[in-house]
Amino acid sequence: MGTTTASRPVTVAPLAEFGSADLPVVGGKAANLGELMRAGLPVPDGFVVTTDAYAQAAQLAGLQALVTDPAATPAALREAILSTGMPKDIGQAVTAAYRRLGENIPVAVRSSATAEDLPGAAFAGQQDTYLNVVGADAVIDAVGRCWASLFTDRAVDYRRHRPFTPAEVRIAVVVQVMVESDTAGVMFTADPLSGARDRILIDAGAGLGEAVVSGLVTPDHYVLETGGKLLEWKPGRGEVVIRPAAGGGVSHEAATRKTVPAGGSELHGALLTAANLASLAGHARTIAGHFGRPQDIEWAIAAGKTWIVQARPMTALPEPTAPLGRLRRLQGAILAEYLPVRPYPLDVTTQIAHGPAEMMHRITEYFGLEGAFTNYLREQDGVVVALVPPSPRPTPRLLLTPAKLACKARRFKSAHWSADPRQAAFLAEVHALESLELAALPWAALLDVPARAMATQDFCRDLRIDYLPGSGLALARMIVFTAVLGRRKLVADLLGGAQTRTEDSNQALARLADELRADPQLRGALTGLDVEQVSLALSRDPRLAGFAARLEAFLAEFGRRETTSPLLVSPPTLAESPQIVLGMALSLAGDPAAAPAAADSRSATARDRLLEHRLLRGPRLAKLARAWVQAAREAVVFREDTHFHFTAALPVLRRSLLQIGARLQEAGVLNEPEEVFHLRWEELTGIFDAAAIPAGQAERIRAAVTARTAKRTGLAGVPMFDASVFFPAAAASDALATGTPAGSGTATGVARIIRDAADFERLGHGEILVCPYTNPVWTPLFRRAAAVVVDTGSVASHAAIVAREYGIPAVMGTGTGTAVISDGEKVTVDGTRGRITRAVQAAATT
């Protein structure tokens with residue numbers, strides 16, 4: 001429908017006259033509903049108060065000046081609309097349209113903004129809805145309040161994080177005949193958690209659907225195949241029923257089910273009948289097919305008839321993950337641990353393209369496996385949307401692998417890797433890059449710094465190709481050797497206590513904690529400070545000078561480590577995060593002083609127990625056993641220390657990229673240096689001179705940053721992968737979560753959810769560490785934890801190795817541990833069987 005008649009804009013018109021092409025006139029909700037009416041779907045009759053009507057009211061209220069005034073609050077904007085009221089001619093048109101629906105008929109009045117119910121921006125619940133409105137005056141009042149709701153605090157904040165300016169967004173209002181539903185709710189034409197497109201999910205509650213939509217009720221939950229076959233249903237609790245009130249408005253009634261049905265695949269006691277489900281499924285298929293993408297649909301059933309009251313594209317929907325074979329699932333488990341957060345475009349094209357994951361790709365390729373650890377990120381509009389493990393395939397080179405492995409194992413011993421000239425060359429190049437004064441470099445020379453930093457990974461790759469075979473052989477030999485002797489359980493302790501760079505950093509951190517523990521005044525001066533306060537206190541308070549110097553020395557020696565992942569350059573490094581180190585030191589200072597060299601003691605005891613075996617009592621075999629144990633320990637050192645060193649270039653890579661961002665900010669292309677992470681490396685190298693960027697190129701860069709920022713915001717709650725595919729759960733009816741057994745034993749304690757480094761100090765002594773991932777920076781937490789539960793990872797992950805070294809139970813790859821275990825809940829971790837149960841259940845069954 002056009003926006004004007006021969007003389008003036010259309011302000012009020014029947015809903016059926018509009019469709020998807022009329023978004024600027026009627027907003028997203030009304031455009032979708034009109035489209036459904038045209039397609040023959042059962043949509044309640046109604047009319048639309050168009051955006052042109054709003055524009056006239058806004059002009060009358062002086063909003064054009066207010067929305068550009070930074071001093072104008074959202075409350076002031078709302079008051080301007082409400083106090084001015086509706087223009088007289090529009091009020092008359094609304095009254096006439098309302099009376100055409102019926103005399104004093106109850107209606108629902110809903111906002112329909114031009115930036116609402118769109119792909120990537122649902123704006124769900126951001127503007128207001130009024131139900132069971134009766135009478136023309138009440139309808140006019142509700143329309144005005146819907147206009148004002150464009151400027152609620154929550155709606156303004158929502159738009160602030162998306163590419164919509166206040167002047168761009170206008171609002172229409174939909175007025176529809178009220179459906180006095182017996183049952184109502186929402187349905188999704190795809191699984192919002194897994195992204196599976198072959199499922200329909202339906203939530204239902206008694207009365208009006210507002211109870212379900214607003215989360216006031218625990219609804220009945222139904223899972224159907226796309227064809228309509230019921231797979232599962234779970235009964236709700238029906239805590240509240242919302243019904244139309246006499247004379248207008250709604251009432252809330254408490255209505256708890258006296259008996260809760262069992263659920264399952266039969267509908268005994270369910271709110272919806274088989275006929276209801278068949279009707280809803282049919283409409284779901286039709287609506288999704290009409291719009292060509294998965295839909296979020298609100299529905300109502302009154303007197304047996306199904307009505308569709310809203311439909312919008314599903315936003316934040318993960319890409320579906322197909323079933324994976326064993327090798328692809330293994331890669332998925334590894335990559336999921338290394339990518340706990342969504343990478344930025346600059347992560348993808350720098351550290352991911354040239355860092356540790358690419359190193360794994362090159363190593364597996366060298367030994368004859370092609371296609372592993374490559375092309376595993378799926379992007380849309382320049383933003384990563386999914387992690388999809390590739391399908392590696394063997395090549396003829398694989399036939400040469402045994403010979404290659406044997407040759408390298410014989411030639412390159414783990415004990416000698418740190419003296420290899422390539423390691424010295426690597427560290428020298430990193431030092432040279434760190435010595436550069438980045439701010440003084442010309443543009444071309446500045447662009448050369450990230451390229452050189454990424455190239456240092458070639459040294460790490462070549463060293464690992466040469467030394468991994470020998471270290472792998474040493475570890476495998478000891479595992480087989482101890483298994484043959486019936487001493488397999490000693491392996492973790494035999495390998496524990498090796499003096500790695502990670503252990504060096506743990507000991508240095510422990511010394512900082514000892515200092516804080518010994519000086520209550522020092523500890524008190526640093527407790528409870530935020531990031532800025534920590535920096536100010538350490539730099540200005542003379543009482544803290546000694547501790548500040550030792551903290552600075554710690555960061556200088558160990559601060560090259562990642563805080564999130566060695567594959568990402570966008571998160572700060574440890575050197576940039578003194579508050580993380582200080583938080584860990586303060587937490588450790590609250591614990592009793594640790595017994596010195598506990599791991600060494602366990603290792604020595606394990607070695608003595610091994611040598612007590614009757615087959616090793618002779619001097620020759622005992623000497624050989626000691627040598628094999630030592631070689632395995634050196635292999636552990638190689639693994640940990642090469643991991644420590646391959647992030648050595650990460651800080652200078654990050655600093656140089658932020659310096660590039662600062663130059664682009666000076667040129668007026670970016671608002672802040674950190675926005676550079678929304679760009680790709682090739683987009684940066686395509687800039688000839690940051691001080692003289694052509695206007696067209698600058699505009700393209702700004703547009704890319706804006707669009708990708710909005711895309712990332714829309715994906716904020718969407719996982720990059722379906723955890724159940726990478727980490728399939730074992731059948732265990734009484735378990736909260738299951739995973740891979742990675743550290744034997746059991747422990748019971750309070751679960752503490754630690755999601756990232758900022759939460760480290762929340763973990764109390766003797767609590768269960770439950771986390772989405774770990775890396776070496778997390779290691780000090782293992783001194784405090786009674787057990788470890790990790791969403792990602794495997795038996796060979798860093799967390800598993802450290803847990804075994806510390807002798808605490810560990811379960812890896814639960815997939816859902818942080819989601820299904822509640823923070824503060826008491827649980828029992830069985831690291832031998834890979835199960836986590838509620839402590840009360842565990843007690844009841846033992």
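Two strands count as paired if DSSP finds at least two bridges between them. With that idea in hand, let's walk through this predicted model.

We can start with strand β3 (residues 107–113), which is joined to β4 by three bridges, the two strands running antiparallel. Look for Arg110 in β3: its bridge partner in β4 is Thr129. Now step back to see where this pair belongs. Both strands sit in an open sheet of five strands, ordered β1-β2-β5-β3-β4, and the pairing is antiparallel. At the edges you will find β1 (12–14) and β4 (129–133), each pairing on one side only. From one strand to the next, the twist averages 20°. Helix α6 (residues 136–148) packs on this sheet, where it touches β2 (46–49), β3, β4 and β5 (171–177). The direction of α6 makes about 145° with that of β5.

Next, travel along the chain to a pair of helices. Helix α16 (residues 443–455) and helix α17 (residues 457–484) pack at an angle of about 5°, and their axes lie 5 Å apart. Because angles under 35 degrees count as roughly parallel, α16 is roughly parallel to α17. Where do α16 and α17 meet? Ala453, Met454 and Ala455 in α16 meet Gln457, Asp458 and Phe459 in α17. By class, this contact has four nonpolar residues, one polar and one charged.

Our last stop is another open sheet, built from eight strands in the order β18-β25-β24-β20-β21-β22-β23-β19, with mixed pairing. Its edge strands are β18 (737–738) and β19 (740–743), each pairing on one side only. Within the sheet, β20 (residues 746–753) and β24 (residues 826–830) pair in the antiparallel sense over five bridges. There, Gly749 stands opposite Val827 in β24.

How values were computed. Residues numbered from 1 in each chain as written. Predicted model: local features only at pLDDT ≥ 70, side-chain atom pairs only at ≥ 80, totals over all residues. Heavy atoms only, no water. Axes fitted to C-alpha atoms, helices over the stretch in contact; angles between N-to-C directions. Helix = DSSP H or I, 4+ residues; strand = E, 2+ residues; numbered from the N terminus. Parallel < 35°, antiparallel > 145°, perpendicular 65-115°, else oblique. Contact = heavy atoms within 4.5 Å. Nonpolar A, V, L, I, M, F, W, Y, C, P; charged D, E, K, R; others polar.
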